[in-house]
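Student: I'd like a close look at one part of this structure: the aromatic rings and what surrounds them. Could you walk me through it in one go, and then carry on to the helix packing next door?

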Amino acid sequence: MKVFVTGACGYKGSVLVPKLLKAGHKVVAFDIMWFGNFLEPHPDLTVVQGDVRNPDAIDLTGVDAIIHLSSVANDPCGDLDPKLTWEISCLATMQLADRAYRHGIKRFIYASSGSVYGVKEEEQVTEDLELLPISEYNKTKMCGERIVLSYKDDMVVQIVRPATVCGYSPRQRLDVSVNMLTMQALTNGRITVFGGDQTRPNIHIDDITDLYLFLLDHPEHTGVYNAGFENISILDIANLVTKHVPAEVIVTPSNDPRSYRVNSDRLLATGFRPKKTVEDAIKEIIGMYSQGQLKNEDRWYNLKWMEKEVVK
């Protein structure tokens, strides 16, 4: 297939695109490149630096499928400039879905977020629970979902609500829990945990990117899918890190009460199986750091980088 990937140079895209190419697909990697471009050249890869807010920059000629990853990722970044967040994560999604429909594209995979549920009391957070998003980021993702679902009679629509992603990518992120706590241990010998009892779902970057390929191969599995397989507390993650890096764990009070367990039974019923764990992610980050392949740099922290380079 010819696959058009938005946000292709981001944390997930930088792992997904090489997998799509290896599977034999032609890929158009579309990204604004705020954080750079770490994709290796390939005969079947076309890299386009462009802004999803500009429909004229998006050429969908001959495209069979769209994997829409681009958004202003995470709550603090979304709150930096709410107008920018709505334009990128909602309005651009509406324009892209409309253009896909007009071009007769039959496949649309949308990367939403497990955070669209808001704070839930339920032991198991399933796809049919009411969405009560709190932040600008969550709200734009919910709106994006609704927009894309409105085309479900015209194309195969597959929506993924990922848990917090962890693990190594050429375009690293060190502002997500597992990666951040591992880097704290490596650079400071100390891990600071706020609260610690809150349970959050996690998914390895290899599993979430494998899932997009799985959905591409299985158009029969339509609709919305949670994707999170390890519901563990922040303190549990810190303790896992200290199994591999000697570090002191300091627990301080937190005003963030969010605690939830994502249920991914609907996804498991399709036959998809995760292959990696949080502990694998920790070990991979330690390995890349010890080889000098990964450094603790500002550009791996979305908020720091956006404040410095994007929203001035």
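Tutor: Happy to; what follows goes from the ring pairs to the charges over rings, then to the helices and a few single residues. Please keep in mind that this is a predicted model.

Let's begin with the rings. A pair of aromatic rings is described by the distance of the centres and the angle of the planes. With ring centres required to lie within 6.5 Å, the count comes to 5 aromatic pairs. One of them joins Phe 38 and Trp 300, whose centres are 5.5 Å apart and whose planes make an angle of 55°, a tilted arrangement. This pair links distant parts of the chain, with the two positions 262 residues apart in sequence. Phe 38 belongs to the loop between strand S2 (26–31) and strand S3 (45–49), while Trp 300 belongs to the loop between helix H9 (278–290) and helix H10 (302–310). How exposed or buried are the two partners? Phe 38 has a relative accessibility of 23% and counts as partly exposed, whereas Trp 300, at 5%, is buried.

The pair of Tyr 101 and Tyr 151 is also described as tilted, because the planes stand at 45°, with 5.9 Å from centre to centre. Here, too, distant parts of the chain are linked: the two tyrosines are 50 residues apart. Tyr 101 sits in helix H3 (residues 82–102), and Tyr 151 in the loop between helix H4 (136–149) and strand S6 (156–162). Tyr 101 is partly exposed, at 42% relative accessibility, but Tyr 151 is buried, at 13%. Elsewhere, Phe 214, Phe 229 and Phe 272 make up one aromatic cluster.

Charges over rings come next. Arg 171 places its charged end over the ring of Phe 35, at 4.0 Å from the ring centre. In a second case, Lys 304 lies over the face of Tyr 301, and the distance to the ring centre is 4.4 Å.

Now for the helices. Two packed helices are described by the angle between their axes and the distance between the axes. H3, the helix that holds Tyr 101, has an axis that comes within 9 Å of the axis of H4, and the two cross at roughly 10°. Angles under 35 degrees count as roughly parallel, and H3 and H4 are therefore roughly parallel to each other. On the H3 side, the contact is made by Pro 82, Thr 85, Trp 86, Ser 89, Cys 90, Thr 93, Met 94 and Ala 97. H4 answers with Glu 136, Tyr 137, Lys 139, Thr 140, Cys 143, Gly 144, Ile 147 and Val 148.

Gly 144 also gives us a way to place Ile 159, a residue of strand S6. The C-alpha atoms of Ile 159 and Gly 144 are 9.8 Å apart, and 15 residues separate them in sequence. Ile 159 is buried, with 0% relative accessibility. Beyond its neighbours within four places in sequence, Ile 159 is in contact with Tyr 110, Ser 112, Glu 145, Leu 149, Gly 223, Val 224 and Tyr 225.

A second helix pair makes a useful contrast. The axes of helix H5 (residues 177–188) and helix H7 (residues 234–242) come within 10 Å and cross at roughly 45°. That angle makes H5 oblique to H7, and the crossing is right-handed. From H5, Ser 177, Val 178, Leu 181, Thr 182 and Ala 185 meet Ile 234, Ile 237, Ala 238 and Val 241 of H7. Ser 177 is buried, at 16% relative accessibility. Apart from residues up to four places away in sequence, Ser 177 touches Thr 164, Asn 202, Ile 234 and Ile 237.

Finally, two loop residues. Met 33 lies in the loop between S2 and S3, the loop that also holds Phe 38. Most residues other than glycine have a negative phi. Met 33 has a positive one, near 65°, and is buried at 18% relative accessibility. Ala 57 is in the loop between S3 and strand S4 (65–68) and is partly exposed, at 28%. Not counting neighbours within four places in sequence, Ala 57 is in contact with Phe 30 and Asp 51. From Ala 57 to Arg 171, 114 residues along the chain, the C-alpha separation is 23 Å.

Note on methods:
Residues numbered from 1 in each chain as written. Predicted model: local features only at pLDDT ≥ 70, side-chain atom pairs only at ≥ 80, totals over all residues. Heavy atoms only, no water. Phe/Tyr/Trp six-rings, centres within 6.5 Å; stacked < 30°, edge-to-face > 60°. Helix = DSSP H or I, 4+ residues; strand = E, 2+ residues; numbered from the N terminus. Buried < 20%, exposed > 50% of the residue type's maximum accessible area, 1.4 Å probe, protein only. Lys NZ or Arg CZ within 6 Å of the ring centre and 35° of its normal. Axes fitted to C-alpha atoms, helices over the stretch in contact; angles between N-to-C directions. Parallel < 35°, antiparallel > 145°, perpendicular 65-115°, else oblique. Left-handed = near helix turned anticlockwise from the far one by under 90°. Contact = heavy atoms within 4.5 Å.
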